[in-house]
Each structure stands twice: as structure tokens, then as C-alpha cells.
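Got your viewer open and a coffee at hand? Let's walk through this one stop by stop, starting with a pair of side chains.

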Amino acid sequence: RIDLFNPYCYILHGSFEPIFDCDREAKIQALIKSLNELKGFTNNFVCVENLPRTCLLNTTTEINDVLSYCDGIYLCIDSNHFLREKSEDALLKVDGSKIKTLHISDHNYVQEKHWLPGEGEINWMKFIANLERIGYQGVFNYEVNHPFETVRENFVELFQKYNMIK
């Protein structure tokens with residue numbers, strides 16, 4: 001296994017859209033095959049990201065099903081991509097030890113928005129509490145379009161609020 005890049009992890013989108021119901025199972029099988037093949041090229045973490053709308057891995061049920069066939073494949077949880085279930089609840093419906101990184105942003109449960117935490121409908125106090133509950137120790141990676149100072153202020157305020165209610 002020669003990996004010239006040697007990152008902490010590779011994060012992959014498992015599909016694009018639209019995916020029609022009649023094609024879904026074949027696409028899932030192709031994803032499983034691809035993930036298992038990709039893992040053979042690196043000793044680093046290979047993470048597949050949950051995706052919204054008709055994409056693959058748009059529910060925790062589908063995530064769990066796919067990962068059950070993929071040894072050594074992990075998750076990048078994108079808080080902004082759970083549109084069919086609450087992001088904060090989804091954390092408890094997957095194997096927490098499989099979550100290696102996060103993409104953090106808020107949304108309205110209708111469409112992904114990449115808003116700062118607190119601008120949408122995700123319950124961030126519950127989200128952070130559930131990260132603690134599953135023992136997550138990884139990166140809290142914002143995926144928003146804001147200046148660094150704005151992101152830093154949001155992060156500080158978010159965790160100050162969390163630590164006050166904890």
C-alpha cells in the first residue's frame with residue numbers, strides 16, 4: 001500500500017443524483033464494491049459521507065446496511081445532509097466508533113444550507129451531547145461560507161452555551 005498523500009482520512013461522496021428507486025440497489029452494490037477496493041490503496045481512514053435527497057447514504061438505515069459490508073470503512077457525518085431524520089438523533093443510530101470526522105453546518109430539514117450552527121433547525125446542544133455520548137474525539141470541521149473570525153466566534157459561543165447547560 002503506497003499512499004503518497006498520507007492524509008488523516010479520505011472523505012468520499014458515495015454517489016451523485018438523481019438516483020431513482022429502480023437503480024438504487026445496483027448503485028448500493030457498486031458503492032460497496034468501490035469502497036472495499038479503495039480501502040486496499042491506503043492504511044489511512046477511508047470515510048464515506050452521508051448525503052442528502054436521493055443520494056446514497058441519505059438515512060442511517062442505509063448507512064448501517066452499506067457499512068455492514070465494508071470492513072475498515074468509516075463515516076464522515078455531515079450534519080447538513082440529514083434531511084429525513086434529525087441530525088442530532090442520527091448520531092445515536094450509527095456505530096459511533098465508525099465516525100472519524102464531521103462536516104458541521106446547519107440547515108432547515110428541507111434543503112442543505114451550510115448555515116452556521118444556530119441559524120437553522122438542528123438542536124446543537126443535543127448534537128454535541130450525543131457526540132459526547134458516543135465518545136467522539138475527532139475534528140469538528142465547519143463547512144460554511146463565512147470568514148474565519150465569524151466561524152471562530154460561532155464555535156466559541158456554541159461550546160460556551162453547551163458547557164453552561166451541561
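Select R53 and E17 and show their side chains: they meet in a salt bridge, 2.5 Å from N to O. Keep in mind as you look that this is a predicted model. The two residues sit 36 apart in sequence, so this is a link between distant parts of the chain, with R53 in the loop between β2 (45–49) and α2 (60–67) and E17 in the loop between β1 (9–13) and α1 (21–39).

Buried or exposed, what is R53? Partly exposed, because its relative accessibility is 30% and the buried label needs under 20%. E17 lands in that class too, being partly exposed at 29%.

Keep R53 on screen and add E112. There's a salt bridge here as well, with the closest N and O atoms 2.9 Å apart. E112 belongs to the loop between β4 (99–104) and α4 (124–134), while R53 is in the β2–α2 loop, so this pair ties together parts that are 59 residues apart in sequence.

Next, hop over to D89 and K126. Their side chains meet in a salt bridge too, at 2.8 Å from N to O. This one links helix α3 (residues 87–90), which holds D89, to helix α4, which holds K126, across 37 residues of sequence. Both ends are partly exposed: D89 has 25% relative accessibility, and K126 has 37%.

Now put E17, R53 and E112 back up together. Shared partners join these three into one salt-bridge network. How many salt bridges does the structure hold? Eight, including the ones you've just visited.

Time to zoom out and switch to cartoon. You should find five helices and five strands, and tracing along the sequence gives the pattern β-α-β-α-β-α-β-α-β-α. The radius of gyration is 16 Å, close to the 15 Å that the globule rule gives for 166 residues, so the chain is as compact as a globular protein of that length. If you draw a box around the C-alpha atoms along the principal axes, it comes to roughly 45 × 40 × 30 Å.

Try colouring by accessibility: 47% of the 166 residues count as buried. Then turn on the surface, where the chain exposes about 9,100 Å², with 54% of that supplied by carbon and sulfur atoms.

For a last stop, colour by charge. The chain carries 17 positive and 24 negative charges, and their mean positions are 3 Å apart.

Note on methods:
Residues are numbered from 1 along each chain as its sequence is written. This is a predicted model: local features need pLDDT of at least 70, side-chain atom pairs count only at pLDDT 80 or more; totals for chains, interfaces and linings use all residues. Side-chain values use heavy atoms; hydrogens and water are left out. A salt bridge is a side-chain nitrogen of Lys or Arg within 4 Å of a carboxyl oxygen of Asp or Glu. Helices (H or I, at least four residues) and strands (E, at least two) are DSSP runs, numbered from the N terminus. Buried means under 20% relative accessible area, exposed over 50%, partly exposed in between (1.4 Å probe, protein chains only). The radius of gyration is taken over C-alpha atoms; the globule rule is 2.2 Å times the number of residues to the power 0.38. Accessible areas come from the Shrake-Rupley method with a 1.4 Å probe; for residues, only the protein chains shown count as cover. Lys and Arg count as positive and Asp and Glu as negative; His and the chain ends are not counted. The place of a charge is taken as NZ of Lys, CZ of Arg, CG of Asp or CD of Glu.
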